[in-house]
Amino acid sequence: MEKLSTTIEDYLSLIYVLERDNMPVVGSQLAELLGVSPPTVTNTLKRMVRDKLITMDENGTRLT
């Protein structure tokens, strides 16, 4: 496996903390916490799904 970018590591860390604390993973919240725009979060999450780092469905976003 390739080394993950710092950006992806930041997203994974934040998603982990939200999951650990039983908080929903919401794109707008990620955008606010990471200091990026909501469309940036959407694009990054899509790449993370493509790379099988997370799953996204009607039940929410989760680490794989």
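# Helix crossings and a hairpin in a predicted model

The axes of helix α2 (residues 27–34) and helix α3 come within 8 Å and cross at roughly 110°. That angle makes α2 roughly perpendicular to α3, because angles of 65 to 115 degrees are counted in that class. The model described here is predicted. The points below cover the helix contacts, some residues that take part in them, the strand pair, and two loop residues with positive phi.

**Contact of α2 with α3**

- On the α2 side, the contact involves G27, L30 and A31, and these meet P38, V41 and L45 in α3.
- By residue class, this contact has five nonpolar residues, one polar residue and no charged residue.

**Contact of α1 with α3**

- Helix α1 covers residues 6–20 and helix α3 covers residues 38–50; their axes come within 11 Å and cross at roughly 90°.
- The two helices, α1 and α3, are therefore roughly perpendicular to each other.
- From α1, the residues making the contact are I8, Y11, L12 and I15.
- From α3, they are T40, V41, T44, L45, R47 and M48.
- Sorted by class, the residues of the contact of α1 with α3 comprise seven nonpolar, two polar and one charged.
- V41 and L45 of α3 appear in the contact with α1, and V41 and L45 are also met by residues of α2.

**I8, on the α1 side**

- I8 is found in helix α1.
- The relative accessibility of I8 is 10%, so I8 counts as buried, since the cut-off for buried is under 20%.
- Setting aside residues up to four places away in sequence, I8 touches T44, R47, M48 and L53.
- I8 and R47 are 39 residues apart along the chain, and their C-alpha atoms are separated by 9.5 Å.

**T44, on the α3 side**

- T44 lies in helix α3.
- With a relative accessibility of 3%, T44 counts as buried.
- Not counting residues up to four places away in sequence, T44 touches I8 and Y11.
- The side chain of T44 also reaches the backbone oxygen of T40, at 2.9 Å.

**S5, before α1**

- S5 is placed in the segment before α1.
- S5 counts as partly exposed, because its relative accessibility is 37% and that class lies between the 20% limit for buried and the 50% limit for exposed.
- The side chain of S5 reaches the backbone nitrogen of I8 at 3.2 Å.
- S5 and E19 are 14 residues apart along the chain, and their C-alpha atoms are separated by 21 Å.

**The strand pair**

- Strand β1 (residues 54–57) pairs with strand β2 (residues 60–63) in the antiparallel sense, over four bridges.
- The connection from β1 to β2 is a hairpin of two residues.
- One of the bridges can be followed by residue: M56 has T61 in β2 as its bridge partner.

**T61, in β2**

- T61 lies in strand β2.
- T61 counts as buried, given its relative accessibility of 10%.
- Leaving aside neighbours within four places in sequence, T61 is in contact with E19, V25, I54, T55 and M56.
- M56 is therefore listed for T61 both as a contact and as the bridge partner, where contact means heavy atoms within 4.5 Å.

**Positive phi in two loops**

- N22 lies in the loop between α1 and α2.
- Phi of N22 is near 55°, which is a positive value in a residue other than glycine.
- N22 counts as exposed, with a relative accessibility of 70%.
- K52 lies in the loop between α3 and β1.
- Phi of K52 is near 60°, again a positive value in a residue other than glycine.
- K52 is exposed, and its relative accessible area is 64%.

Conventions: Residues numbered from 1 in each chain as written. Predicted model: local features only at pLDDT ≥ 70, side-chain atom pairs only at ≥ 80, totals over all residues. Heavy atoms only, no water. Axes fitted to C-alpha atoms, helices over the stretch in contact; angles between N-to-C directions. Parallel < 35°, antiparallel > 145°, perpendicular 65-115°, else oblique. Nonpolar A, V, L, I, M, F, W, Y, C, P; charged D, E, K, R; others polar. Buried < 20%, exposed > 50% of the residue type's maximum accessible area, 1.4 Å probe, protein only. Polar contact = N/O pair within 3.5 Å; in protein donor to acceptor, adjacent residues only side chain to side chain. Pairing = 2+ DSSP bridges.
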